[in-house]
Amino acid sequence: MLLEARLLDERREGKAEGRVEGKAEEKNTIAKLMLAKGCYSLQEISELTKLSINDIEKLEKEMHATE
C-alpha cells in the first residue's frame with residue numbers, strides 16, 4: 001500500500017513537471033516566432049510571453065547561431 005501511494009505521488013510529480021516544461025517550451029517557441037517576424041520589441045515579447053528580456057536575448061542569440 002505504501003509503495004503504491006509513493007508511485008502515485010511520483011507519477012503526479014512527473015506529470016506536473018512535464019506540464020511546466022511544456023509551458024516553458026511553448027513560451028520559447030512563441031518568443032522565437034515573434035523574434036523571427038522582426039516587428040516586436042524585446043519589451044513587447046517579454047510582456048506577452050512573460051519571459052525575461054535576458055531569456056529572450058539568449059533565444060535570439062541561439063537563433064542567429066543556428067543560421
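The paragraphs below go from the overall fold of this predicted model to two of its residues and a charged surface patch.

The chain contains 3 helices and 0 strands. Along the sequence, these elements follow the pattern α-α-α. The radius of gyration is 17 Å, whereas the globule rule gives 11 Å for 67 residues; the computed value is well over that, so the chain is more spread out than a compact globule. Along the principal axes, the box filled by the C-alpha atoms is roughly 55 × 25 × 15 Å. Of the 67 residues in the chain, 13% are buried.

Helix H1 covers residues 2–37. Lys15 belongs to this helix, and its relative accessible area is 53%. Because the cut-off for exposed is over 50%, Lys15 counts as exposed. Lys15 is also one of the residues in a patch of positive charge on the surface. The other members of that patch are Arg11, Arg19, Lys23, Lys27 and Lys50.

Further along the chain come helix H2 (42–49) and helix H3 (53–65), and the loop between them holds Ser52. What is the relative accessible area of Ser52? The value is 32%. Since buried means under 20% and exposed means over 50%, Ser52 is classed as partly exposed. Ser52 can also be placed relative to Leu42: 10 residues separate the two in sequence, and their C-alpha atoms are 9.0 Å apart in space. Leu42 is the residue at which helix H2 (42–49) begins.

Notes. Residues are numbered from 1 along each chain as its sequence is written. This is a predicted model: local features need pLDDT of at least 70, side-chain atom pairs count only at pLDDT 80 or more; totals for chains, interfaces and linings use all residues. Side-chain values use heavy atoms; hydrogens and water are left out. Patches are made of residues with over 30% relative accessible area and no salt bridge: like charges are joined within 9 Å, nonpolar side chains (Val, Leu, Ile, Met, Phe, Trp, Tyr) within 5 Å. Accessible areas come from the Shrake-Rupley method with a 1.4 Å probe; for residues, only the protein chains shown count as cover. A salt bridge is a side-chain nitrogen of Lys or Arg within 4 Å of a carboxyl oxygen of Asp or Glu. Lys and Arg count as positive and Asp and Glu as negative; His and the chain ends are not counted. The place of a charge is taken as NZ of Lys, CZ of Arg, CG of Asp or CD of Glu. Helices (H or I, at least four residues) and strands (E, at least two) are DSSP runs, numbered from the N terminus. Buried means under 20% relative accessible area, exposed over 50%, partly exposed in between (1.4 Å probe, protein chains only). The radius of gyration is taken over C-alpha atoms; the globule rule is 2.2 Å times the number of residues to the power 0.38.
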